[in-house]
Amino acid sequence: MNQTQYHATWESLDSRQMPRWFNEAKFGIFIHWGVYSVPAWRPLSKELYASYSEWYYATVIGDHEFGGDAFHKKTYGENFEYRDFGPMFKAELFDPDYWASLFRRSGANYVVLTTKHHDGYCLWPTKSPYKKEWNSMAIGPRRDLVGDLTTAVRNQGLRMGLYYSIIEWESIWTHRADTGYYVAKSLVDRYRIPEDKYVTEHMIPQLKELVNIYQPAIIFSDGGEWDGSEEYFKTKEFLAWLYTEAPNKDEVVVNDRWAKDIPGNHGDYYSSEYEDTDAIGLDHPWEESRGIGGSYGFNRAENIEDYRTSEELVHELIGVVSRGGNFLLNVGPTSDGRIPVIQQQRLLDIGEWMTVNGEAIYDSQAWRKGHDTDQTSVAFTVKGNNLYVICTEWPLNQVSVPGIASHKHLEVKMLGTDKPVTWSAVNGGIAISPPALSTRDIPCRHAYVFKIAEFEKA
């Protein structure tokens, strides 16, 4: 067990050695689920972030420009508040064991659940005095959703992570809205947690509560990077406690969204959302997250055309991992606790591909030499003395692999088939010819992997 004492300085915190499991895992499942899953609607837009249905409270209610407020009043009534959705979030069909089994079959190695989004609703029976009537045990499901899913996920041999919103729309001032608040001032006046108590009596105690009760492998913080300083949110003090004293200190990893100016500078790994940041590379762990569609929370406005196909998602997984990152793919359950069947189908298709080709993904690293090639449909990963050449299209011609120093003892095969693969030495590398296969013999769909065993790097 790690006995290192970490201090509330970035020099000390950044010296912590990243737990190995995260870089080995490569693929995880994100879950956005809460009161916002009841209305489950936001007008669609091609703009980044603009279709997020989990933002219903802050972007639909009161929105006149795009018709959101008219939709809300027509559907739910003139005086229907966001908090009136609370009793409607019943999760009566929630089956945590089925969810966890589905995630395992997708090929994922970890799961991250939204315990509290920006609306402040908590999916566990928090002891915060400000959330006595705004949590899943007090209103709605009447059960500990975090605890139930945590148990089921771990029973499937997966690691469990928890998302936590640092900010709450009813309590935190913002520069992102003209009014200075995310929601109507009358709601702020009614529900706001006092500014001088928000961090010390609510946020930090909640974070420690989640850590001590559920011992997550990941803490995915969010929202703090927009306005608040690390001094206000006491970021360094909490991380020093987490790394030194917490019961999960040897396993837990955290992202970089704790406070302003931290993203891309501090955190065990950096967060990218729908490829919205360039603060990623081969020199620091990172993770790309996205929904299957354009929203994280389930959005009833989305149709099949708004969802990525299984092939597109497999290709995105390949692209992220071949650039050294992890891929966190989100599902948005319905308010009654079902994962939409089309989202399940996407996960199972990914799992089917991973069953054949997972060794090219799990515990792999980016191959720096592979980034020098101009083959747009070819990606590379490396693990030990094995190089994986991942083709996102069936190769009609030879596949060029640069930078292989020696051809002695070299063995080339395609994962999922025993059909022989031929290759030849060419210009400091090799050229691979695909095996002759009938459609019945093709090992998988969406992408095809050549394994080069015992290769030596140039």
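## Two cysteines that stay apart

The sulfur of Cys-444 lies 11 Å from the closest cysteine sulfur, which belongs to Cys-391, and that is too far for a bond. A disulfide calls for two cysteine sulfur atoms within 2.5 Å, so this pair does not qualify. Please keep in mind that this is a predicted model.

How many disulfides does the rule give? The count comes to zero. Seen from the other side, Cys-391 is in no disulfide, and its nearest cysteine sulfur is that of Cys-444, 11 Å away.

Are these cysteines buried or exposed? Cys-391 counts as buried because its relative accessibility is 1%, under the 20% cut-off. Cys-444 is also buried, with a relative accessible area of 11%.

## Helices H8 and H10 side by side

Now let's turn to a helix pair. Helix H8 covers residues 195-214 and helix H10 covers residues 235-244. Their axes come within 11 Å and cross at roughly 15 degrees, which means that H8 runs roughly parallel to H10. Angles under 35 degrees fall into that class. As for handedness, the crossing of H8 and H10 is right-handed.

## Who makes the contact

Which residues bring the two helices together in this contact? On the H8 side they are Ile-204, Leu-207, Lys-208, Val-211 and Asn-212. H10 contributes Phe-238, Trp-241 and Leu-242.

Sorted by character, the residues in the contact of H8 with H10 comprise six nonpolar, one polar and one charged.

Key: Residues numbered from 1 in each chain as written. Predicted model: local features only at pLDDT ≥ 70, side-chain atom pairs only at ≥ 80, totals over all residues. Heavy atoms only, no water. Axes fitted to C-alpha atoms, helices over the stretch in contact; angles between N-to-C directions. Helix = DSSP H or I, 4+ residues; strand = E, 2+ residues; numbered from the N terminus. Parallel < 35°, antiparallel > 145°, perpendicular 65-115°, else oblique. Left-handed = near helix turned anticlockwise from the far one by under 90°. Contact = heavy atoms within 4.5 Å. Nonpolar A, V, L, I, M, F, W, Y, C, P; charged D, E, K, R; others polar. Buried < 20%, exposed > 50% of the residue type's maximum accessible area, 1.4 Å probe, protein only.
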